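Below are my notes on the model you sent. They cover the domains, the ligand shell, the core and one hairpin.

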Amino acid sequence: MRNVCIVGYGAVGPVHAAALEGIENVRLYAVCDINPQKLEICRTQYGCKVFSDFDEMLLDTSIDAVHICTPHYLHKEMAVKALSAGKAVVLEKPVGINLTEIEELHTISKEQTKLPLCVMMQNRTNACVVKLKERIESRDVGALQGIIANLNWHRDESYYAQDAWRGKWQTEGGGLLINQAVHLVDLMLYFGGPVKNFESEIHRWGVTGIEVEDTASAIVQFENGAKGIFHATNCYVTDEAFQVELRFEKAHFRYADGLLYEILDGDVRVLAKDEKLQIGKSYWGCGHQTVIRNFYEGKDYPGIEDAYGAMKFVFEIYDKKKSGI
Ligand SMILES: NC(=O)c1ccc[n+]([C@@H]2O[C@H](COP(=O)([O-])OP(=O)(O)OC[C@H]3O[C@@H](n4cnc5c(N)ncnc54)[C@H](O)[C@@H]3O)[C@@H](O)[C@H]2O)c1
């Protein structure tokens with residue numbers, strides 16, 4: 001039996017707990033959180049051990065794996081400590097709040113501890129994304145010409161007021177891009193491949209009282225010659241499903257509303273449909289369970305290398321314009 005400890009039982013911690021259910025020889029053994037109410041909920045619901053101190057939790061030699069679901073500024077330090085204590089790690093996004101943190105963590109996991117480290121970039125496992133990859137690889141679609149990636153969500157002052165770590169460069173590491181839109185950046189790069197160059201802008205247009213951006217756009221030139229148009233904002237009235245449009249020489253796909261469409265001579269055909277989430281927010285996608293199951297069942301799972309492209313892209317945008325937004 002492999003014993004798991006979830007660290008941070010806020011919004012996404014329970015999604016990890018639910019994802020562990022039904023995986024053979026894996027169990028939720030403990031939860032670690034600084035909030036005693038959260039610990040009480042876990043003790044009652046799961047009958048698991050609880051810890052209020054991360055370092056103390058790491059001393060428990062029965063724990064094999066640690067899921068880090070805490071605020072962004074704690075990710076790298078907690079992941080390094082957990083790996084150094086001999087635990088496998090499942091790390092929520094983002095890997096870190098700057099590229100140096102990500103590179104350090106990569107060295108520690110790959111060269112020093114050589115322990116498994118999974119990064120929660122779950123949208124690559126969505127049924128539509130898997131189908132789109134398959135479809136592109138199995139039929140001659142010609143060269144990729146363009147990608148449009150579009151996200152319109154709602155995060156207002158009350159969202160940022162919930163937790164002191166949100167909305168600040170030092171603790172969240174950024175705003176819309178590093179937190180909400182990073183999965184969309186990842187999908188754009190997953191399909192588009194390496195970036196040759198790009199122009200970008202970030203703004204704080206709709207949310208007051210925060211340091212970070214709520215809106216971002218970019219025009220991307222990919223090495224393969226394709227063009228990407230990226231737009232994301234937290235200033236919309238609700239959380240709409242994100243959209244990705246891909247134009248190849250001989251095919252045209254649209255991923256929207258959790259459906260994958262192929263558009264041929266004006267006719268629209270549905271190729272795939274994402275599963276509905278049982279727990280958590282619909283716009284998180286349904287991939288947590290797949291990624292966590294794959295991780296424990298020895299199948300492919302996303303690592304730092306997979307998250308690196310999107311993180312680098314986000315940090316390059318921040319480097320171009322962080323102050324004065
Ligand atoms: N992959 C996804 O789709 C997805 C979705 C939501 C959140 N996330 C990520 O998950 C992480 C957590 O987000 P959230 O929305 O659940 O945040 P949250 O603020 O709701 O929860 C964080 C939890 O961590 C606890 N915590 C804080 N400091 C701690 C410490 N030192 N030791 C132990 N526990 C501590 C808090 O008490 C809280 O319960 C973030 O990195 C976020 O970006 C990912």
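1. Terms first: two residues are in contact if their C-beta atoms, placed from the backbone, lie within 7 Å. The model is predicted, so local features need pLDDT of at least 70 and side-chain atom pairs count only at pLDDT 80 or more, while totals for chains, interfaces and linings use all residues. Residues are numbered from 1 along each chain as its sequence is written.

2. The domain assignment, which is automatic or taken from a database, splits the protein chain into domain 1 (2–119) and domain 2 (123–272 + 304–320). Their C-alpha centres are 27 Å apart.

3. Where the domains meet, 15 residues of domain 1 are in contact with 14 residues of domain 2. On the domain 1 side, α5 (99–113) and β6 (117–119) each supply at least two residues. Helices (H or I, at least four residues) and strands (E, at least two) are DSSP runs, numbered from the N terminus. The largest share of that side, five residues, is from α5. By class, the side has ten nonpolar residues, four polar and one charged. Here Ala, Val, Leu, Ile, Met, Phe, Trp, Tyr, Cys and Pro count as nonpolar, Asp, Glu, Lys and Arg as charged, and the others, Gly among them, as polar.

4. Which residues come nearest to the ligand? Of the 25 around the ligand, they are G8, G10, A11, V12 and E92; a residue is near if its C-beta atom, placed from the backbone, lies within 6 Å of the molecule. The shell divides into twelve nonpolar, eight polar and five charged residues.

5. A nonpolar core is a set of buried Ala, Val, Leu, Ile, Met, Phe, Trp, Tyr and Cys residues joined through C-beta atoms within 7 Å. Buried means that 20 or more other C-beta atoms lie within 10 Å of the residue's own, all placed from the backbone. The largest such core has 90 residues, and C5, V89, L91, V185, M188 and V314 touch the most other members. Helix α11 (residues 304–320) gives the most to this core, nine residues. Both domain 1 and domain 2 contribute at least three residues to the core. Beyond its neighbours within four places in sequence, C5 is in contact with Y29, A30, V31, C32, M57, I63 and V66.

6. Strand β14 (residues 267–273) is hardly covered, with zero buried residues among its seven. Strand β13 (residues 259–264) pairs with β14 in the antiparallel sense over six bridges; pairing requires at least two DSSP bridges. E262 has R269 in β14 as its bridge partner. Two residues lie between the strands of this hairpin, in which D265 takes a positive phi near 50°.

Conventions. A residue is buried if 20 or more other C-beta atoms lie within 10 Å of its own, exposed if 12 or fewer, and partly exposed in between; C-beta atoms are placed from the backbone.
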